[in-house]
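The following exercises go from a single residue to the whole chain. Please work through each task with the model open before reading its solution.

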Amino acid sequence: MAEPDYIDDDNPELIRPQKLINPVKSSRNHQDLHRELLMNQKRGLAPQNKPELQKVMEKRKRDQVIKQQKEEEAQKKKSDLEIELLKRQQKLEQLELEQQKIQEEQENAPEFVKVKGNLRRTVQEAAEAPDS
């Protein structure tokens, strides 16, 4: 960028431009704040400018990580008895789910299938009764 031509001239009649005064920087409050920030920076203290929501989210994340670490430690420290009990519990839950599925299938079956099953049972019972 080219320099203006009035800088080279030594003409006393020209009014030289001066830098404008920033009213914010000249205010006493701004100067005090700036001085305090500089002192905190030298000490190594950072100002807390984080919004409240960000602070809460960071705290939740930290708590979640700590909770997860505790759960992992608890998993590692389980005894053989606890592991066996958990396996048995899972097997029982699976058996219950299978029984519920079978029961739902029977309830949802058409009427003629139910009647046919009843007839088979009565026939088998009748066949077994004379034999004994």
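**Exercise 1: the setting of Lys-50**

In this predicted model, Lys-50 sits in the loop that joins α2 (28–43) to α3 (52–76).

Task: Decide whether Lys-50 is buried, partly exposed or exposed, and find which residues Lys-50 contacts once its neighbours within four places in sequence are left aside.

Solution: Begin with the relative accessibility of Lys-50, which is 37%. Buried means under 20% and exposed means over 50%, with partly exposed in between, so Lys-50 counts as partly exposed. Next, take the contacts, leaving aside neighbours within four places in sequence: Lys-50 then touches Lys-55 and Glu-58. Finally, consider a separation along the chain: Ile-21 is 29 residues away from Lys-50 in sequence, and their C-alpha atoms lie 31 Å apart.

**Exercise 2: the chain as a whole**

Task: Establish which elements make up the protein, and how its radius of gyration compares with that of a compact globule of 132 residues.

Solution: Count the elements to obtain five helices and zero strands, which follow one another from the N terminus as α-α-α-α-α. Then set the radius of gyration of the protein, 43 Å, against the value near 14 Å for a compact globule of 132 residues. The box filled by the C-alpha atoms, taken along the principal axes, is roughly 140 × 45 × 30 Å. Turning to the surface, buried residues make up 1% of the 132 residues, while the protein exposes about 13700 Å², of which carbon and sulfur atoms supply 53%. As a last step, count the charged side chains: there are 26 positive and 27 negative ones, and the centres of the two sets are 6 Å apart.

Definitions and conventions
Residues are numbered from 1 along each chain as its sequence is written. This is a predicted model: local features need pLDDT of at least 70, side-chain atom pairs count only at pLDDT 80 or more; totals for chains, interfaces and linings use all residues. Side-chain values use heavy atoms; hydrogens and water are left out. Helices (H or I, at least four residues) and strands (E, at least two) are DSSP runs, numbered from the N terminus. The radius of gyration is taken over C-alpha atoms; the globule rule is 2.2 Å times the number of residues to the power 0.38. Buried means under 20% relative accessible area, exposed over 50%, partly exposed in between (1.4 Å probe, protein chains only). Accessible areas come from the Shrake-Rupley method with a 1.4 Å probe; for residues, only the protein chains shown count as cover. Lys and Arg count as positive and Asp and Glu as negative; His and the chain ends are not counted. The place of a charge is taken as NZ of Lys, CZ of Arg, CG of Asp or CD of Glu. Contact means heavy atoms within 4.5 Å.
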